[in-house]
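Me: Please take a close look at a single part of this structure, the surroundings of one core residue, and then carry the description outward from there in one connected account.

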Amino acid sequence: MPARLSRRKVTEYIADQLIAGTRHDDVIRQLAAYLIDTRRTNELELIVRDIEYALSERGVVLAHVTSAFDLTETTKAAVRDMIANHTNAETIYQKQLVDPDVIGGIRIDIPSRSFDSTIAHRLNTLMNYKK
Amino acid sequence: MPELSITELSKDLRAAIANLEATVGLESVGVVVRVGDGVAWIHGLRDAGYGEVLQIETKTGTVEAFALNLMEDEIGAVLLGTDAEVSAGNTVRLKGTALQVPVGPELLGRVVDPLGRPLDGAGPIKTKQFGLVEREAIGVMDRKSVHEPLMTGIMAIDAMFPIGRGQRELIIGDRQTGKTALTIDTMINQARQKTGVVNVYVAIGQKLSKVARLVDRLKEEGVMDQTIVVATSPSDPASLLYLAPYAATAMGEYFRDNKQHALMIYDDLTKHAVAYRQMSLLLRRPPGREAYPGDVFYLHSRLLERSAKLSDKLGGGSLTALPIIETQAGDISAYIPTNVISITDGQIFLETDLFYQGIRPAISAGLSVSRVGGAAQTKAVKSVSGNLKLGLSQFRELASFAQFGSDLDEATKSQIDRGRRLTELLKQPQYQPAGIWEQVASIYAVTNGLFDKVAPSHIKDAQTALLTRLWAEHKDAMRTLNDGDKPTDAQIKAIESVANHVSIGFEDK
C-alpha cells in the first residue's frame, strides 16, 4: 500500500500544474479522482486553502476583501498595492464581499494571513483586553 | 461595590487602544479544524513555534492554547481553558510570545494557578515582571557545587541524608506514608530557623481540600508569608497540570536569579507524568512503555535541571528541588520512579511497613541516599552523626535476624539496643522540626551511650527533658551551637553533664 501523501505535497503538485498551464479541468479531475480513491474527500476545504497558499508562494494571490459597503475603485487599487507590497505577488485576484456585520473598516484575507481593521474586530479585541 | 476610578478606566482604555493600534497589520492566521478533549487541531499558522501561545477567537471571547505538535499539515494545540467555547472554523492567531507567568515578590503569600491567576480571593496580583515557563537550565560555568545546607528540621534527614541548597532530592514512597508531611515540615523549618529560603509548593492535581488544609496550616505556622502555592486540582485540564511545575519553577527562578534561595516542592511528579501522558495520547503521539510518550524522561529532566546553585558571579542564589513520587506497593523500579531517581541527586524512601510500625517519618535508612548533600552538611550535625546511617541500617537487618533466636553475642546485643534507641530518637512528630542544637544534643546523647540506661520506650521523654534543661541552663552555648559550627569542648561537656543527669530519671528497670 503506498504511503499516504501529505496535504502539502498534494497541493504543491496541483499548484505547480496550474502555474505550468495545465488545463484546469484536467487538474481538477485528477485531484477529485485522487481524493475519492484515497477516501480523503472530507479534506476538500483544507486542500482548497492549501492550494491557495501554495499558489501565493508562487506569486498568485487570491484575496477576499470584506467591508461593510462597496469599495470604490481607488480603495480597491490601494488594497491591491498593499497586498503586492506584503506578498511580492505578481498576480492578485480580489474577491469583494459586503458584510454589514463588520460595521466599518476593511478585512483582507489572503492565504494564511489576515489584515483586520474592521470596527467589529476592534470592538471584540477591546472587549477581551481586560478579561 | 468598589469605587469606580475614572482616571484608572481612562488609562486602561488608552492602553488598550494603543495596543490595538500597534497590532493592526498583516497577521498570520489559522483555523480550527477540529477540537475535543482539550486539544484543538489547527490548519494554517505555518510560522508557529513550538510552545508558542495561540489565541483562538470564539463567539464569546478568546481562548488561549499552546502549540505542541507542529506537523506538516496541521498543528496540535493544547487549550489552556475549557474547550466548550471553541469550535471548528474559529480563527486562530499567534500571540507572538512563548508562555509567560508573573514572577516577583508580589506572589509571596498567594495561592495561584499555573498561569499566575489568583485563587485565594485576595485580589489581583500586580507583578512588575514575567518569567518564561519553559526556560533553558543554567549552564555548567554558571553553577557552583552544592555547599550550603538546607536544613529540613527532620533529624533523620539532616543527620543521615543532608540536603544542600541547589540539590534535587526525591521524596518517594507509597500513598499515605508521609511524603507531603516531610515537605511541610521543611517549609515550616525555613520560617522557624529564619533561613530566608522562599518556599514554592506546587500541587499537581491535588484535591483542593488538601491544598486548603495545607495553606491554613502554613498560615498558622507563619510560613505563608514566604511561600507561594501553585495549585491545580484533578478537575483542571491536563494542560494546566502539565504546566504547573514549569510555571512554579519560573516563579522560584526569580528568587534564585536575585541572589536569594528558593525551595521548590513538586507534589507530585507521578500525577504530572500522567497528565502529560493524557495530553500526548490525545495529540496522537506514539505511546511507549506504560503508554507514556518517548520524551517522558526529558519532561522531568529539563524541569529538575533548572534547580541549581549559582556561581558567585551570578549572585550565588539557589533553587533546591524536592520532587515527590508516589509508588505502587513500594515498587521503586517502575518507569517514572526510576527515571526521577536517576535525574535527582538522591532520594528519601518512605516505607509503609515502618509507617505502620509507628516509625515516623518512615524513612528507610537502607534505600535512601543523598549524593551531594554531604558537602553541605553543617559541621555541628556532621560531627555527631558519623556512621549513624550505617548503624541504623545494620540494626534493622540484625533486628529481623534476631527474631529467629536469642543466642546473640554481647556486641550484637549492644548494637541492637543502640539501634532501638536510635530508632526511637529519630521518631519525630509532625510540625515539630528541630533546630541544629536540638539535633546535635539528641544524637550525641544516644550515639555516645549517655542514654544507654534509658529504656527505648522512654527515649523521647529523656530527649525532651535533655533539651528543656539544656535550654534552661546553657541557653547561650546552645544558641552558639545553633550557628552550625563544630561543637566546642564546653558545649560537649554541657550536653554530657545534663544527659547523664537526665538519664537517671528514665533508667530501664
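Reply: In this predicted model, Met187(B), once its neighbours within four places in sequence are left aside, is in contact with Asn199(B), Tyr201(B), Leu214(B), Leu218(B), Val223(B), Thr227(B) and Ile265(B). Met187(B) also belongs to the largest nonpolar core, which has 71 residues, and it stands with Met160(B), Val229(B), Phe451(B), Leu466(B) and Leu470(B) as the members that touch the most others. The element that gives the most to this core is helix 13 of chain B, residues 436-447, with eight residues. Apart from this core lies another one, of 59 residues, which includes Phe66(B), Ala250(B), Met279(B) and Ile341(B).

The sheet of chain B comes next. Its eight strands form an open sheet in the order 8-12-11-13-14-10-15-16, and their pairing is mixed. Strand 8 (111-112) and strand 16 (369-370) of chain B stand at the edges with a single partner strand each, so that one side of each has no neighbour in the sheet. At one of these edges, strand 16 of chain B runs antiparallel to strand 15 (residues 346-350) of chain B and is joined to it by two bridges; Gly346(B) has Ser370(B), in strand 16 of chain B, as its bridge partner. Helix 5 of chain B, residues 238-257, packs on the sheet, where it touches strand 8, strand 11 (198-203), strand 12 (227-231), strand 13 (261-267) and strand 14 (318-326) of chain B, and the direction of helix 5 makes about 170° with that of strand 13 of chain B.

Between strand 13 and helix 6 of chain B there is a loop that holds Asp268(B), and the peptide bond leading from Asp267(B) to Asp268(B) is cis, with omega near -5°. Another cis peptide bond, with omega near 0°, runs from Arg360(B) to Pro361(B), and Pro361(B) is placed in the loop between helix 9 (352-356) and strand 16 of chain B.

The loop between helix 6 (269-282) and helix 7 (296-304) of chain B contains Pro293(B), and Ala291(B) is found there as well. Pro293(B) counts as buried because its relative accessibility is 4%, under the 20% cut-off; leaving aside neighbours within four places in sequence, its contacts are Tyr276(B), Arg277(B), Ser280(B), Pro286(B) and Tyr335(B). Ala291(B), by contrast, counts as partly exposed at 29% relative accessibility, and it has a positive phi of about 70° although it is not a glycine.

Technical notes: Residues are numbered from 1 along each chain as its sequence is written. Chains are lettered from A and ligands numbered from 1 in the order in which they are written. This is a predicted model: local features need pLDDT of at least 70, side-chain atom pairs count only at pLDDT 80 or more; totals for chains, interfaces and linings use all residues. Side-chain values use heavy atoms; hydrogens and water are left out. Two strands pair if DSSP finds at least two bridges between them. Helices (H or I, at least four residues) and strands (E, at least two) are DSSP runs, numbered from the N terminus. Contact means heavy atoms within 4.5 Å. Axes are lines fitted to C-alpha atoms, for helices over the stretch in contact, and angles run from 0 to 180 degrees between N-to-C directions. A nonpolar core is a set of buried Ala, Val, Leu, Ile, Met, Phe, Trp, Tyr and Cys residues joined through side-chain atoms within 4.5 Å. Buried means under 20% relative accessible area, exposed over 50%, partly exposed in between (1.4 Å probe, protein chains only).
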